[in-house]
Amino acid sequence: MHHHLLQSLRLCATGSNPFPSKTLHAHILKLGLDQYGALPNTLISIYSKHGLIKDAHQLFDEMPQRDPVSWASILTAFNRANLPNRSISIFPNMLVHDCLQPDHFVFASLLNSCAALNALHLGRQVHAQFVLSAFSSDDITKSSLVDMYVKCGAVDIARAVFDTIRLKNSVSWTAMISGYARSGRKSEAVELLRDMKVQSLFSWTALVSGLIHSGRFVSALRLFVEMKQEGIKIVDPFILSSVLGASANLAALELGKQVHCLVTKLGFESSLYICNALIDMYAKCSDIIAAKTAFRYTVKKDVVSWTSIIVGLAQHGKAKEALALYDDMILTGLKPNEVTFVGLIYACSHVGLVNTGHDLFKSMMDDYGLNPNLQHYTCLLDLYSRSGYLDEAENLLNTMPFEVDEAVWASLLSACKRFGKTQMGIRVADRLMGLGVEDPSTYILLSNAYAGASMWEHVAKVRKLMVVTDVKKEPGYSCVHLGKETEVFYAGETGHPMKNEMRVLLEDLDEEMRKRGYVPDVSYVLHDMGKQEKENQLFWHSERLAVAYGLLNGVPGSVIRVVKNLRVCGDCHTVLKFICSIVGREIVVRDASRFHHFKDGKCSCSDFW
């Protein structure tokens, strides 16, 4: 009878419906066999697999006699329910109340909890206890140790444990490769992959995804191509979602489109995280229309789907569409998350919807129990600043429950300049000087603020600080994407093969712009030099070179897409508005702050970014 019931329970575990398991449990209770043999431990495991953590915990608490298998089962149940802190908190009862010592399964479960909590110190304590136990040679537990140390960022300790494993399984190999890759240690990760007797999709995924996580996008994409050439079959779409993420970060639209084709060819279009990755990729690659199409074709949308398109629309200056989609999302019954509200408040700041943005800020706390983080406060500050509510912005800065950094104060100082709030600008500038400035663009703001108030001693002090602290601006570069071709330009670059053609085009455009009222704003040049030299510096800014190259080499009438590593300078922003009007072309620039859609002499950011 006991054997038959055990077999029936294990059969129930393979299904997705928990009802048969509960029915069988009731039958076991009637027979009085609920504490017999392996039945209670099996029931805990089954309830865990069905997500019935309360039932599993109740059954565990009611057990008169627990063994290490019972403990391993309940610890695994908590981990599976994403409650690793509960596993850690109840473990001492195993030692104190049940007077039991952990076995290798319990150790593995505890290490999984430590990994999930990023609890390195606790993980090392478990490691020490494992070394002193009778199971110290167990390779499965050592694999869990490798995984724990990798996830806690202790890659070298993970490698030391990895080298002691006699029979290494795919879990330990994959964890170690991932650890090296996520730490940016490409050569060691690749070498380890080469040492594997059998390289699987999952080991390649660990390598490629790990490098993408560490920002090594180009290296990751090259290895992905190599994986394809080696004939590794893509039976799981996760690696494709990672590659789409790399395309998004590089703003490599054509590459993203190729991966999209591969997704379709392999039949992964219905995968939710692939759909979400496509929405994000197209939005970040400046093709918001394709992002909206990808969203529309996502059959079963989750909060990530809605948030991705809302944030994408907000970054592209399409605030009304973003807010309308939020209303649609609420009607579906889905609850927004923290990122959703970042996108929404950001969207409000670009159309001056102060009351709506403020109401959304309150709603996230009152209606959804979400605590605003620094990003939410920064977006609200941006909303007040853009809309001219500078007193409210300054009050928010002085009362927000976070330490305010240089960038936030600089944002308010920029708004003060825009709205002519000289005295407030001086107060903010003084606060910035007290913080200790690091960003070169902040020095420009400070210098202009003091100059606007005729405080020349302070201007001299700012300039002196720049020299003393040896302020060096990060080299500005811009990439222009023309189909499968990408060209990179650095500010002041003069060695390009098409230098003369670009110079002639820019000079012609400059002449026409001046006829239309353009006057170079040399205040954006930091160096102490003459006016003509400053104008020459502006002339060779990287975004202008990229646009000139795009005009000379792109398909006539096509959108020119540029990615810049820094914030577009104010003078170049003016220039690009003139150029798009003169040549009748749309220019899309993704800078460090947002997307700028230049069309018909206007920009989607409304000249505030």
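Q: In which helix of the protein is confidence lowest, and in which is confidence highest?
A: The model is predicted, and the mean pLDDT of the protein is 88. Residues that reach 70 or more make up 91% of the protein. At the low end, one helix spanning residues 2-13 has a mean of 50, while at the high end a helix spanning residues 155-162 stands at 97. Confidence is therefore lowest in helix H1 and highest in helix H10, pLDDT being the predictor's confidence in each residue.

Q: How many cavities of 30 Å³ or more does a search of the whole structure find, and what is the volume of the largest cavity?
A: Rolling a probe the size of a water molecule over the atoms shows where empty space is left. Applied to the whole structure, the search finds 3 cavities of 30 Å³ or more. The volume of the largest cavity is about 70 Å³.

Q: Which strand gives the most to the lining of the largest cavity?
A: The lining includes Arg 561, Val 562, Val 563, Val 588 and Arg 590. Two strands, S3 (560-564) and S4 (587-590), each supply at least two of the lining residues. With 3 residues, the strand that gives the most is S3.

Q: How do the residues lining the largest cavity divide into nonpolar, polar and charged?
A: Among the lining residues are Ala 251, Leu 253 and Phe 595, together with Ser 286, His 481, Lys 284 and Arg 590. Ala, Leu and Phe count as nonpolar, and Lys and Arg as charged. The full lining divides into 7 nonpolar, 2 polar and 3 charged residues.

Q: Which element supplies the largest share of the lining of the second largest cavity?
A: The second largest cavity holds about 50 Å³ of space. Its lining consists of Leu 506, Leu 509, Asp 510, Met 513, Phe 539, Arg 544, Val 575 and Ile 579. Two or more of these residues come from each of helix H29 (499-515) and helix H32 (570-583). The largest share, 4 residues, comes from H29.

Q: What classes of residue line the second largest cavity?
A: Asp 510 and Arg 544 belong to this lining, and Asp and Arg count as charged. By class, the lining has 6 nonpolar, no polar and 2 charged residues.

Q: How many residues are in the largest nonpolar core, and how many are in the second, separate core?
A: Ile 74, Val 146, Leu 207, Phe 224, Ile 234 and Leu 240 have the most contacts inside the largest core. Ile 234 touches Phe 224 and Leu 240, among others including Leu 201, Met 227 and Phe 268. The second, separate core includes Tyr 518, Val 568, Cys 569 and Leu 576. The largest core has 145 residues, and the second has 36 residues.

Conventions
Residues numbered from 1 in each chain as written. Predicted model: local features only at pLDDT ≥ 70, side-chain atom pairs only at ≥ 80, totals over all residues. Heavy atoms only, no water. 1 Å grid on protein atoms, 1.4 Å probe; cavity = no way out; pocket = protein on both sides within 12 Å on 5 of 7 lines; lining within 4 Å. Points joined across faces, edges and corners; volume = space filled by probe spheres on them. Core = buried A, V, L, I, M, F, W, Y, C linked by side-chain atoms within 4.5 Å. Buried < 20%, exposed > 50% of the residue type's maximum accessible area, 1.4 Å probe, protein only. Contact = heavy atoms within 4.5 Å. pLDDT = per-residue confidence, 0-100. Lists of a residue's contacts leave out its neighbours within four places in sequence.
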